[in-house]
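Student: I'd like to learn how to read a protein model. Could we go through one together?

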Amino acid sequence: MAGNVQAPAPVGAAREQDRKARSGWQGGARVWEDAEQQAKKLRSSPDGELQRKLPKRKIVLLMAYSGKGYHGMQRNLGSSQFKTIEDDLVSALVRSGCIPENHGEDMRKMSFQRCARTDKGVSAAGQVVSLKVWLIDDILEKINSHLPPHIRILGLKRVTGGFNSKNKCDARTYFYMLPTFAFAHKDHDVQDESYRLSAETLLRVNRLLACYKGTHNFHNFTSQKGPREASARRYVLDMFCEEPFVRDGMEFAVIKVKGQSFMTHQIRKMVGLVVAIVKGYAPESVLERSWGEAKVDVPKAPGLGLVLERVHFEKYNQRFGNDGLHEPLDWSREEAGVTAFKEQHIYPTIISTERHERSMAQWLSTLPVHDFNATAHAAACPDAKVPSPPGDSD
């Protein structure tokens, strides 16, 4: 009896045998359960059934869109009267066969996330969204075939399974395009298309914009944020105005701003306050007062000229971009497509809308209604209320 007792297998070998048994291995060769029957099912099933057998992969899409006529980027489920960019995107994803229909109804099922939630009327040249999809053949062409021409998917990259485009984004760069007569002084400059921005005024604009750099309390530049809320403190890396240019007889300028993140309406109010100062409606001192705890009446520039230009993933690229398994999130090869989209859809929309609807001119006419000395009044009269100009409610 003692001679028939077998020595126990080494612990590592026992674990390996147990792993093989659980995974379907028998006698060193894997036996696929009903392999032939499964193959027959896949061969005979329609495309939809075959897709359901495919694994979903986490990807990011580079998007460009003109925001005119849309109520922002983010989808408003249950509110069909307010059309958003994501409504058209999700419809295209379902119709192209990238996601099942029930994922379109509940976007959490595809782990959908956008880098920035652009406001009503705001455009984007470099929005990035992350989601899980079936990687079908010719995926970009099929998605774009179901999108209107003013919404395009310009690029696609595979990312890590836990990637979240909002949380992994280090910084966002926006630009704001406006007619330069917005900087014409209210007392001694012409207030129409014949105005041309002087080098002296451009220097002053850039000096004021540079004041935003660094960390400040921007509770006066958004809604529903208290002065002592930590989330109201935001870090701006850079902000400047480029040299002006003329399009269709009207001079425009582009203000660029890069920051870690921005709150609702923050950039439009940052632009609006500088415009009010340069035009002579507000003193320069209001800029620093706006970062204090007191309430300051900050005007909000129109949404038309605001564009999300690009988003940045430096930390993700440093960790995963060169690991041999993942691509860095660099869109240099798509840059030509981004530039072409801006020239075809974003710039012409801003210029033509400004010409026909005069959104900037109409907004400029509301600046005299603002009380930029309201903080001084409030200190003298604690019960005084800061007036809200017409049409500027958040």
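Here is our talk, one question at a time.

Tutor: First, some ground rules: this is a predicted model, where local features need pLDDT of at least 70, side-chain atom pairs count only at pLDDT 80 or more, and totals for chains, interfaces and linings use all residues. Residues are numbered from 1 along each chain as its sequence is written, and side-chain values use heavy atoms, with hydrogens and water left out.

Student: How many helices and strands does the protein chain have?

Tutor: Here, helices (H or I, at least four residues) and strands (E, at least two) are DSSP runs, numbered from the N terminus. On that basis, the protein chain has 13 helices and twelve strands.

Student: And what share of the 394 residues is buried?

Tutor: Buried means under 20% relative accessible area, exposed means over 50%, and partly exposed is in between, with a 1.4 Å probe and protein chains only. Of the 394 residues in the protein chain, the buried share is 46%.

Student: How many disulfides are there?

Tutor: A disulfide is a covalent bond between the sulfur atoms of two cysteines. The test used here is a pair of cysteine sulfur atoms within 2.5 Å. By this rule, the count is zero.

Student: So what is the distance from the sulfur of Cys 115 to the nearest cysteine sulfur?

Tutor: Cys 115 is buried, at 3% relative accessibility. Cys 169 is buried too, with a relative accessible area of 9%. Cys 115 is in no disulfide, and the nearest cysteine sulfur, that of Cys 169, is away by 4.2 Å.

Student: Let's try a helix. How far does H7 reach from its first C-alpha to its last?

Tutor: Helix H7 covers residues 199-210, twelve residues in total. The expected span is 1.5 Å times one less than the number of residues. For H7 that expected value is 16 Å, and the reach from first to last C-alpha is close to it, at 16 Å.

Student: Which residues of H7 are exposed?

Tutor: Start with the buried ones: Thr 201, Leu 202, Val 205, Leu 208 and Leu 209. They cover an arc of only 125° around the axis (taken from the directions from the helix axis to the C-beta atoms), so they sit on the same side of H7. On the other side of H7, the exposed residues are Ala 199, Glu 200 and Leu 203.

Student: What do the buried residues of H7 pack against?

Tutor: Packing is about contact, meaning heavy atoms within 4.5 Å. The partners of the buried H7 residues are strand E9 (233-241), strand E11 (250-259), helix H8 (266-279) and helix H9 (285-289).

Student: How many aromatic pairs are there?

Tutor: Rings of Phe, Tyr and Trp (its six-membered ring) pair if their centres lie within 6.5 Å; planes under 30 degrees apart count as stacked, over 60 as edge-to-face and the rest as tilted. One of the pairs is Tyr 212 with Phe 221, edge-to-face at 6.1 Å centre to centre and 85° between the planes. The count of aromatic pairs is ten.

Student: How many residues apart are Tyr 212 and Trp 291?

Tutor: Both Tyr 212 and Trp 291 are buried. Their ring centres are 6.2 Å apart with the planes at 70°, so this pair is edge-to-face. Tyr 212 is in the loop between H7 and strand E8 (214-217), while Trp 291 is in the loop between H9 and strand E12 (306-312), and the two are apart by 79 residues.

Student: Which ring does the charged end of Lys 157 sit over?

Tutor: A charge sits over a ring if NZ of Lys or CZ of Arg is within 6 Å of the ring centre and within 35 degrees of the ring normal. The charged end of Lys 157 is 5.2 Å from the centre of its ring, and that ring belongs to Trp 331.

Student: How far apart are the C-alpha atoms of Tyr 65 and Phe 341?

Tutor: Tyr 65 lies in strand E3 (residues 57-65) and is buried, at 0% relative accessibility. Beyond its neighbours within four places in sequence, Tyr 65 has contacts including Met 73, His 150 and Phe 341. Tyr 65 and Phe 341 are 276 residues apart along the chain, and their C-alpha atoms are separated by 8.2 Å.

Student: Last one: what is the phi of Asp 248?

Tutor: Most residues other than glycine have a negative phi. Asp 248 lies in the loop between strand E10 (245-247) and E11, and is exposed at 59% relative accessibility. Although Asp 248 is not a glycine, its phi is positive, at about 55°.
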